[in-house]
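Please look over the sequence and the coordinates below before reading the report.

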Protein chains: 2
Amino acid sequence: MPGAVTQEGTMGKVTASISVSLDGFVAGPGDGPDNPLGDRGERLHQWVYGLAGWRESHGLEGGERNQDSDLVEDAMARAGAFVMGRRMFDNGEEPWGDEPPFHGPVLVLTSSPREPLVKKGGTTFTFVTDGVEGAVAQAREAAGEKDVSVAGGGQMIQQCVRAGLLDELQLHLVPVLLGGGVPLFRDMGEETTEFETARVLDSPGVTHLLLRPAR
Amino acid sequence: MPGAVTQEGTMGKVTASISVSLDGFVAGPGDGPDNPLGDRGERLHQWVYGLAGWRESHGLEGGERNQDSDLVEDAMARAGAFVMGRRMFDNGEEPWGDEPPFHGPVLVLTSSPREPLVKKGGTTFTFVTDGVEGAVAQAREAAGEKDVSVAGGGQMIQQCVRAGLLDELQLHLVPVLLGGGVPLFRDMGEETTEFETARVLDSPGVTHLLLRPAR
């Protein structure tokens, strides 16, 4: 049970945190290994590139400290393991290089089994073939009392919402229309899915919405 | 020029104010004259049905007064004329009845000419066949110093954004996934369209984002 206290202690939450455009895209059109964020997709992450916490996790120095960096650093500190979709892994593997910015276990949901990949800086990629429930369950085990962070992409987050696996969804709403690309939510089905807005944080250039599925 | 001071005085703004789901829909699937908001589409307007200002414009008594009703009443008070798409008119004509909730001139963008329709309570529907620029220009003239409100639907608002006609976009973001329906923005094209977030107002069950196109 999410967030439940067990004999082993308190379990962490399953969270997702993603930047999204006003027209609902999490990457631009034409995404692929040579164009990981798609055309114009970098625009969605502009608010994060200058932040101290983001720069540190990417091996860079300096950067700003403000409510945005607090948010990013807090999420990073709470994350004990990550889950990601195969498309995000394929797009990211090369740009992330030898020392990917996760610094912890990453469970990659895929349909073809593959040996684990051990990278520098504590990041390990483990390939999971037993569906989104299996990937999240393995990430929970790896995370211990910390949170499981669903790193993306859109389809993976959508699957977690649909399966009722997500405890928190942090949307970083960027006031731009991308015009096309990879949607976060599309054609979810014939039912409404209700959320509660737990917190709204307004920063220059981005509005952070913390959402919890209504249970 | 939008908002410019002319010899005739200050011109009003061109605004749009619309409720949208987390997955970007302004109406549910299957919308039509018999189902004006589409399946599940009423959910998007739940936050507004109990407000005093909305109830008054629909000929109903009572209702709540809070920051949401201030927002709705302020927009109504500033609107001197309305613009709407043909689909919204077709869907709304019957449910609005003899006394539609606009109480002012409404310019309906259509491709087939038609005689004006005069309704009770000050609402007149005039059908415009010379494109979105023509409809907004006629609405400006009718509105005088007051604002032109682009009432909808999604396609009409999208056209106004694309043509650079909109001064303000007020999104009422409702924390629900509708799963399908009429999108506000879809496939806008190969350029980003930038906005500035002028104000964020968080209420129970809805977050109001006031956006201005960056010029």
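The report below treats a predicted model, beginning with one strand and its partners and then turning to the two chains.

## Strand β9 of chain A and its neighbours

Strand β9 of chain A, which spans residues 147-152, has six of its six residues buried, so this strand is largely enclosed by the rest of the structure. With 20 or more other C-beta atoms within 10 Å as the criterion for a buried residue, the assignment rests on neighbour counts.

Two strands pair with β9(A) in the parallel sense: strand β3 of chain A (residues 14-21) does so over three bridges, and strand β5 of chain A (residues 79-85) is joined to β9(A) by five bridges. Within these pairings, Val14(A) stands opposite Val148(A), while Val150(A) is the bridge partner of Val83(A).

## Relation between the two copies

Chain B superposes on chain A, with an RMSD of 0.0 Å, after a rotation of 180 degrees and a shift of 0.0 Å along the axis. The two copies are thus related as by a two-fold rotation axis, and the same surface serves both, since 100% of the contact residues of chain B recur in chain A. In chain B, the residue whose C-alpha comes closest to the rotation axis is Gly24(B), at 3.3 Å.

## The contact between chains

In the contact, 28 residues of chain B meet 29 residues of chain A. The elements of chain B that give two or more residues to this side are β11 (176-177), β13 (193-203) and β14 (206-213), and β13(B) gives the most, with seven residues. By type, the side of chain B that touches chain A comprises 11 nonpolar, eight polar and nine charged residues.

Strand pairing also crosses between the chains, in that strand β13 of chain A (residues 193-203) and β11(B) pair in the antiparallel sense over two bridges, with Leu177(B) as the bridge partner of Thr193(A).

Technical notes: Residues are numbered from 1 along each chain as its sequence is written. Chains are lettered from A and ligands numbered from 1 in the order in which they are written. This is a predicted model: local features need pLDDT of at least 70, side-chain atom pairs count only at pLDDT 80 or more; totals for chains, interfaces and linings use all residues. A residue is buried if 20 or more other C-beta atoms lie within 10 Å of its own, exposed if 12 or fewer, and partly exposed in between; C-beta atoms are placed from the backbone. Helices (H or I, at least four residues) and strands (E, at least two) are DSSP runs, numbered from the N terminus. Two strands pair if DSSP finds at least two bridges between them. Copies are superposed by least squares on the C-alpha atoms of residues with pLDDT of at least 70 in both. Two residues are in contact if their C-beta atoms, placed from the backbone, lie within 7 Å. Ala, Val, Leu, Ile, Met, Phe, Trp, Tyr, Cys and Pro count as nonpolar, Asp, Glu, Lys and Arg as charged, and the others, Gly among them, as polar.
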